[in-house]
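Q: I am new to this structure. Please show it, and then teach me how to read where its chains meet.

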Amino acid sequence: MMFAQVRVGFGRWWSPVVRDGLGIGVATGTYGLSFGALSVAAGLSVAQSSALSLLMFTGASQFAFVGVLAAGGGPVAAVATATLLGGRNGLYGLQLSRTLGLRGWRRRLGAHVVIDESAAMAVRQADPDTARTAFWATGLAVFACWNTATLLGALGARALADPAALGLDVVGPAAFLALLVPRLRAAGQPRVWAAALAAGATALLATPFVPAGVPVLAAAVPAVALALAPTRPRRTAGAGADAAGGEAGGVEPADVAPGGADAAGGNRGGSADVGPEGTDAAGRDRVGSECGR
Amino acid sequence: MIWAAILGGALTCYLAKLAGLSVPARVLRNERVQRAAAMLPIALLCALVLTQTFSTKGTLVLDVRGLVVGAALVAILLRAPFLAVVALAAVVAAAARLALG
């Protein structure tokens, strides 16, 4: 009996989803290196950079936070931008809560690792047990790798006498672009493109007139307006598909589509490349490359 | 001040995650809310790219960053890995500065 239990436990923790979770963790390490280096180049200390990765632990928000400060924006604008970008994690939580069934301290702990990668890996599993394993394995692996890499990147950048000599000070927008393009590609929706363009134009037009950091916040207004605009009547029948597509724009949503948890098979079709066995190399790269977090 | 912002931002981001796990799903199971949550990150990233590339302290400018981001875009469209994109951007920036003095 005991052996059987041990074997069950062992098997569960060396299952393909655990292996995939570890792989994704390693892949996100490359972003962590970049984040640590950019953060120090932007003027934050090594401790501050690491604190962001430990405590905020959601990549796109961290990049944005550092970017707003580097551009001369105030702390309030930095926090607001990071919060708006981090809001999507709340959506993941909604999709995951019933599957994970976390209560009490487990929920408070688990919430910290609700990010792009853990949500994407959990939602695409066929049964709740595997989903829970995938969630924790991916979340914890990414947490470990992301924080280790941040520290290494920050220490590396600090070792440079002058980060500007290496061009590190202007790499920020290139990093954002690398986070943005895969999402636009995945979305493939006119509405999402329109929102991105309207947001970009608004931010640029507002730049001369408002304090640093505010243009990016102003960009949220047309984006939300476009998101809330009613779907055209002829599309009504396909409203569900429309919503799913919109999300695909977002994050991993093709896989994390909110319908995903209930309408399992249906939405998962959209994510195609990754089966429940999970994550061939391509799938892993894809998740990694979207690690906006 | 930066420390306060770090703690504040960490708190709001954590609360967003926790709220998702705690709120009854039907409350936010609304197509438009979901669409907004999905589109916001894309829109904000686009705004960040453009303002950080073409503005300095409240003025619109065209400088070496335009070149850097252009090079990065090509690498991204060729599906280069993230770290390669960032490294290329740093190299292009350093080279352009050397060349342009």
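Q: How many residues does each chain bring to the contact?
A: Contact means heavy atoms within 4.5 Å. Here chain A brings 99 residues and chain B brings 68 residues. This is a predicted model: local features need pLDDT of at least 70, side-chain atom pairs count only at pLDDT 80 or more, and totals for chains, interfaces and linings use all residues. Residues are numbered from 1 along each chain as its sequence is written, chains are lettered from A and ligands numbered from 1 in the order written, and side-chain values use heavy atoms, leaving out hydrogens and water.

Q: How much area do chain B and chain A bury between them?
A: Buried area is the accessible area (1.4 Å probe) that two parts lose on being put together, summed over both. Between chain B and chain A that is about 7100 Å², with 76% on carbon and sulfur atoms. K17(B), L21(B) and F82(B) supply 12% of the area chain B buries against chain A, more than any other three residues.

Q: How many salt bridges does the rule find across the interface of chain B and chain A?
A: A salt bridge puts a side-chain nitrogen of Lys or Arg within 4 Å of a carboxyl oxygen of Asp or Glu. Across this interface the rule finds 0.

Q: Which element gives the most to the side of chain B that touches chain A?
A: Helices (H or I, at least four residues) and strands (E, at least two) are DSSP runs, numbered from the N terminus. α3(B) gives the most, with 23 residues. Other contributors of two or more residues include α1 and α5 (82-100) of chain B.

Q: Is L152(A) buried or exposed?
A: Buried means under 20% relative accessible area, exposed over 50%, partly exposed in between (1.4 Å probe, protein chains only). L152(A) is exposed, at 52%. L152(A) lies in helix α8 (residues 128-159) of chain A.
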